[in-house]
Amino acid sequence: MGGETKEQSVQLNDIGQIALTVRDLGRAKDFYQNTLGMKFLFDAGTMVFFQCGAIRLMIGLSEESVPIGGTILYFRVPDIQKVHGALTEQGVAFVQPPHVVARMPDHELWMAFLKDPEGNTLGLMSEVTC
């Protein structure tokens, strides 16, 4: 038994949807659609859905009081300085401006962090070729 490997019957690989909880659905919908430019898909009661690359983002009201901000979504962007500038011009306040978090042999990993109107932390990440 010690050296045997058991074949996995279930193997989860692809994330299909991520959910964020908010207190003000209208304000969140406006921010994600009009400030961040996400493709709005549909409303469903107390939820709104956006397409974000291959992943669907569900933003919904909580039926009970749940702390906001426990999950961080990281968005890959090609030019972090350009996106930071554009969002700053739209009035988005950044918690941390673009900065290098890691240096690899062929690129640097840059990140910046902002809060949505509900207090959820969003990260921007960019791999910059050296």
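User: Which residue in strand 4 stands opposite A19?
Analyst: This is a predicted model, with residues numbered from 1 along each chain as its sequence is written. Local features need pLDDT of at least 70, side-chain atom pairs count only at pLDDT 80 or more, totals for chains, interfaces and linings use all residues, and side-chain values use heavy atoms, leaving out hydrogens and water. Strands (E, at least two residues) and helices (H or I, at least four) are DSSP runs numbered from the N terminus. In strand 4, the residue opposite A19 is M58.

User: Over how many bridges do strand 1 and strand 4 pair?
Analyst: Two strands pair if DSSP finds at least two bridges between them. Strand 1 and strand 4 pair in the parallel sense. The number of bridges between strand 1 and strand 4 is six.

User: Which strands stand at the edges of the open sheet with the order 1-4-3-2?
Analyst: This open sheet has four strands and mixed pairing. An edge strand has a single partner strand, so one of its sides is left without a neighbour in the sheet. The two edge strands here are strand 1 (17–22) and strand 2 (39–44).

User: What is the average twist from one strand to the next in the sheet 1-4-3-2?
Analyst: Axes are lines fitted to C-alpha atoms, for helices over the stretch in contact, and angles run from 0 to 180 degrees between N-to-C directions. The sheet in question is the open one with the order 1-4-3-2. From one strand to the next, its twist averages 20°.

User: In what order do the strands of the sheet with edge strands 5 and 6 stand?
Analyst: Strand 5 and strand 6 (94–103) each pair on one side only. The sheet is open, holds four strands and has mixed pairing. Its order is 5-8-7-6.

User: Which residue in strand 8 is the bridge partner of R76?
Analyst: Strand 5 and strand 8 pair over four bridges, in the parallel sense. In strand 8, the bridge partner of R76 is M125.

User: What angle does the direction of helix 2 make with that of strand 6?
Analyst: Helix 2 packs on the sheet that contains strand 6. There it touches strand 6, strand 7 (107–115) and strand 8. The angle between the directions of helix 2 and strand 6 is about 175°.

User: Which residue in strand 7 stands opposite Q96?
Analyst: Strand 6 and strand 7 pair in the antiparallel sense over six bridges. A hairpin of three residues joins strand 6 to strand 7. Opposite Q96 in strand 7 stands F113.

User: Is S126 buried or exposed?
Analyst: S126 is found in strand 8. Buried means under 20% relative accessible area, exposed over 50%, and partly exposed in between (1.4 Å probe, protein chains only). The relative accessible area of S126 is 1%, so S126 counts as buried.

User: How far apart in space are S126 and E108, C-alpha to C-alpha?
Analyst: Leaving aside neighbours within four places in sequence, S126 is in contact (heavy atoms within 4.5 Å) with several residues, among them E108, L109 and W110. In sequence, S126 and E108 are 18 residues apart. In space, their C-alpha to C-alpha distance is 8.1 Å.

User: Which residues does H84 touch, not counting those up to four places away in sequence?
Analyst: H84 has its place in helix 2. Its relative accessibility is 18%, so H84 counts as buried. Beyond four places in sequence, H84 touches F94, P97 and P98.

User: Which element gives the largest share of the lining of the largest pocket?
Analyst: On a 1 Å grid over the protein atoms alone, a pocket is an open set of points with protein on both sides within 12 Å along at least five of seven lines, and lining residues have an atom within 4 Å of a point. The lining of the largest pocket includes I18, C52, Y74 and M125. Strand 4 (55–61) and strand 5 (73–76) each supply at least two lining residues. The largest share, four residues, comes from strand 5.

User: What is the volume of the second largest pocket?
Analyst: A volume is the space filled by probe spheres set on grid points, which are joined across faces, edges and corners. Among the residues lining the second largest pocket are T35, F75, Q90 and L124. The volume of the second largest pocket is about 170 Å³.

User: How many helices and strands does the protein have?
Analyst: From the N terminus on, the elements run β-α-β-β-β-β-α-β-β-β. The protein therefore has two helices and eight strands.

Note on methods. On a 1 Å grid over the protein atoms alone, a cavity is a set of points where a 1.4 Å probe fits but cannot get out, and a pocket is an open set with protein on both sides within 12 Å along at least five of seven lines; lining residues have an atom within 4 Å of a point.
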